[in-house]
Amino acid sequence: GCAAHGEIVDRIVAVVDGRVIVWSAAMAEANYRAFRNGEEPLRVLEGEALGEIVSQMIDQSLLEKEMDRSLFSPPLSSAPEARVEETAKRFPDREAYLKALARYGLSEAELKRRLELENVILLFVEDRLRPQAHIEPTEIETYYRETLLPQISKEGQGSTPALSEVSAGIEQVLVQKEINRLLDEWLAQL
């Protein structure tokens, strides 16, 4: 008989609740992120970079599963058309935009799908965690004194704004940090 030679078509890099994540999907995700960040497309994905992308894909998969189990219903306005248009405006013309998408292995439909999924997940996380993100007035004052004022002084910006002028912005920064912390804890539990 003739000896058959095997050919590796793809390889499994993770399994999440029975859902397989293959190397080619991790590569596509890495190139999508490179496109969004204005970085060069990847040709090779291995080691720490592969581990980081797979970890993020696992987190996304866990959040998608939680979203499916929840009663969360994203608003109808979560369509990503505006974000697709905003992305396209980074390029001199439509032809350059489409060439860039192809260079990263993306189609416009795939970009739209990914942007829509990102948006829905962000809305889900916001809906789920924002009510738990409580910021005390003392935290705002501490951030103002220990972070904002030294930063303004270091950058040599002229006048120092009063706490009352910047407290709403500081509160938003602190709420977002708290949501990120809560998200990390939640993902660890999942």
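**Helix packing, a pocket and five residues**

Colleague: Why are helices H6 and H7 called roughly perpendicular to each other?
Modeller: In this predicted model, H6 (residues 137–155) and H7 (residues 163–189) pack at an angle of about 100°. Angles from 65 to 115 degrees count as roughly perpendicular, and H6 and H7 are therefore described in that way. Their axes are 9 Å apart.

Colleague: What makes up the contact of H6 with H7?
Modeller: From H6, the residues are Glu139, Ile140, Glu141, Tyr143, Tyr144 and Leu148. They meet Leu163, Val166, Ser167, Ile170, Glu171, Val173, Leu174 and Lys177 in H7. The residues of this contact divide into nine nonpolar, one polar and four charged.

Colleague: Why is Ser167 called partly exposed, rather than buried or exposed?
Modeller: Ser167 is in helix H7 and has a relative accessible area of 24%. Buried would require under 20%, and exposed over 50%; Ser167 lies in between and is therefore partly exposed. Between the C-alpha atoms of Ser167 and Glu141, the separation is 8.0 Å, although the two residues are 26 apart in sequence.

Colleague: How do you know that Thr87 is buried?
Modeller: Thr87, in helix H3 (residues 81–88), has a relative accessible area of 3%. The cut-off for buried is under 20%, so Thr87 meets it. Leaving aside neighbours within four places in sequence, Thr87 is in contact with Phe35, Arg36, Tyr97, Leu111 and Leu115.

Colleague: Why does Asn31 count as buried?
Modeller: The relative accessibility of Asn31, a residue of helix H1, is 8%. Because buried means under 20%, Asn31 is placed in that class. Not counting residues up to four places away in sequence, Asn31 touches Pro41, Leu42 and Tyr104.

Colleague: What makes Val44 count as exposed?
Modeller: Val44 is in the loop between H1 and H2, and its relative accessibility is 52%. Exposed means over 50%, so the value for Val44 satisfies the cut-off. The C-alpha atoms of Val44 and Leu148 are separated by 41 Å, and these residues are 104 apart along the chain.

Colleague: Why is Asp17 counted as exposed, and what is noted about its phi?
Modeller: Asp17 has a relative accessibility of 54%; the class requires over 50%, and Asp17 therefore belongs to it. This residue is in the loop between strand S1 (12–16) and S2. Its phi is near 50°, a positive value in a residue other than glycine.

Colleague: How is empty space found, and what is the volume of the largest pocket?
Modeller: A probe the size of a water molecule is rolled over the atoms, which shows where empty space is left. Here the largest pocket has a volume of about 760 Å³. It is lined by 28 residues, of which Arg33, Gln56, Gln60, Glu118 and Ile121 are the closest to its centre.

Colleague: Which elements line the largest pocket with two or more residues, and which gives the most?
Modeller: Strand S2 (19–22), helix H1 (23–37), helix H2 (47–69), helix H5 (108–129) and H7 give two or more residues each. H5 gives the most, with eight residues.

Colleague: How does the lining divide into nonpolar, polar and charged residues?
Modeller: The lining of the largest pocket has 13 nonpolar, five polar and ten charged residues.

Terms used:
Residues numbered from 1 in each chain as written. Predicted model: local features only at pLDDT ≥ 70, side-chain atom pairs only at ≥ 80, totals over all residues. Heavy atoms only, no water. Axes fitted to C-alpha atoms, helices over the stretch in contact; angles between N-to-C directions. Helix = DSSP H or I, 4+ residues; strand = E, 2+ residues; numbered from the N terminus. Parallel < 35°, antiparallel > 145°, perpendicular 65-115°, else oblique. Contact = heavy atoms within 4.5 Å. Nonpolar A, V, L, I, M, F, W, Y, C, P; charged D, E, K, R; others polar. 1 Å grid on protein atoms, 1.4 Å probe; cavity = no way out; pocket = protein on both sides within 12 Å on 5 of 7 lines; lining within 4 Å. Points joined across faces, edges and corners; volume = space filled by probe spheres on them. Buried < 20%, exposed > 50% of the residue type's maximum accessible area, 1.4 Å probe, protein only.
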